[in-house]
Amino acid sequence: MDATLLVLSLIITFVAAALTVPAGFGLATMLTPLALLWFTEPHEAITVVAIIHGSHNAWKLKVLRENLDVSSIKRFGWVLVIGALIGASLNSYVNSDPLLLIVGLALVVLPILSATERWTKLRLPETEDRLGGFGSGFLGGLTGHQGALRALFLQNRIPDKAAYAATAAALALVVDLSRIPIYLSFHGSGIANEIPLIVGFVIAAILGVNLGKVWLQKWKDSWIRNGILIGITFSGILYIREALMAMDMI
């Protein structure tokens, strides 16, 4: 084990975990390439990231639980579970690249429409929340990338930054708890020898939550909301690139 790479990986995990407290998403997108340095089999890397992601969201929810928007949990939660179970069950069998490409394109186009809402008069109707919830859960179960699509629907529904962060953590945890047992049933034996490494990543992610809470309290609402839109768009670009590379189109 390369000590320098290990320390760098833990620092990256800590900072990424802190950044995703106010953003409400992005940890899996940032950690998946990192996990692939340690677990070259993609499904094993996704499993490890899911464990880190779930631990991070559980701790984030504990820290921010007083701000939870229960109505959004009721609106999104059950479709997230259904989507996550279906996606995780298909994880080992379905080529996710075309789906990732479609979602990536949506994550680039829809934030632009949202940002220009005052001119275009276009807005995602609340009746589409369940569609967004299912899509987020399904994509999370299938590829591990769930947060950007969820944030696209959630950030306009919950204007309070603390309530948004707490609710995003709870909904992400719903997906994590749905998909992790399925991942482990398929790939648990492949990561069993790396438990100390995984625990180290989990601790770094949990510690990052505490710094992220400080940033959440100090950063202006406008900074966070603009950052969310930029993050969604950037995630979309990454998804498009990842899908096109996997399909040998670039």
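1. Where is the place of Ala163? Ala163 sits in helix H9. Keep in mind as you look around that this is a predicted model.

2. Is Ala163 buried or exposed? Ala163 has a relative accessible area of 11%, so it counts as buried, the cut-off for that being under 20%. Leaving aside residues up to four places away in sequence, Ala163 touches Asn67 and Ile158. The pairing with Asn67 is worth a look on screen: 96 residues separate Ala163 and Asn67 in sequence, yet their C-alpha atoms are 4.7 Å apart in space.

3. Next, the empty spaces inside. How many cavities of 30 Å³ or more does the structure hold? There are four of them. The largest cavity has a volume of about 60 Å³, and the second largest has about 50 Å³ of space.

4. Let's take the largest cavity and its walls. Its lining is made up of 13 residues, and those nearest the centre are Gly24, Phe25, His53, Asn57 and Lys60. Helix H3 (42-64) and helix H9 (161-191) are the elements that give two or more residues to this lining. H3 gives the most, with four residues. By type, the lining of the largest cavity splits into five nonpolar, six polar and two charged residues.

5. Now for the second largest cavity. Which residues line it? Going along the sequence, you meet Phe25, Gly26, Leu27, Ala28 and Thr29, then His53, then Gly144, His145, Gln146, Gly147 and Ala148, and finally Tyr239. Helix H2 (27-38) and helix H8 (147-154) each supply at least two residues of this lining, and H2 has the largest share, with three residues. Here the lining of the second largest cavity divides into five nonpolar and seven polar residues, with no charged ones.

6. Tyr239 is one of the residues lining the second largest cavity, and Tyr239 is also among the buried residues of helix H11. The others buried in H11 are Ile224, Ile228, Leu229, Gly231, Ile232, Ser235, Gly236, Ile240, Ala243 and Leu244.

7. Does the length of H11 come out as expected or not as expected? H11 runs over residues 221-246, which is 26 residues, and at 1.5 Å a residue it should span 38 Å. The C-alpha atoms at its ends are 37 Å apart, so the two values agree. After H11 comes Asp248, which has a positive phi, near 60 degrees.

Note on methods:
Residues are numbered from 1 along each chain as its sequence is written. This is a predicted model: local features need pLDDT of at least 70, side-chain atom pairs count only at pLDDT 80 or more; totals for chains, interfaces and linings use all residues. Side-chain values use heavy atoms; hydrogens and water are left out. On a 1 Å grid over the protein atoms alone, a cavity is a set of points where a 1.4 Å probe fits but cannot get out, and a pocket is an open set with protein on both sides within 12 Å along at least five of seven lines; lining residues have an atom within 4 Å of a point. Grid points are joined across faces, edges and corners, and a volume is the space filled by probe spheres set on the points. Ala, Val, Leu, Ile, Met, Phe, Trp, Tyr, Cys and Pro count as nonpolar, Asp, Glu, Lys and Arg as charged, and the others, Gly among them, as polar. The expected span of a helix is 1.5 Å times one less than its number of residues. Buried means under 20% relative accessible area, exposed over 50%, partly exposed in between (1.4 Å probe, protein chains only). Contact means heavy atoms within 4.5 Å.
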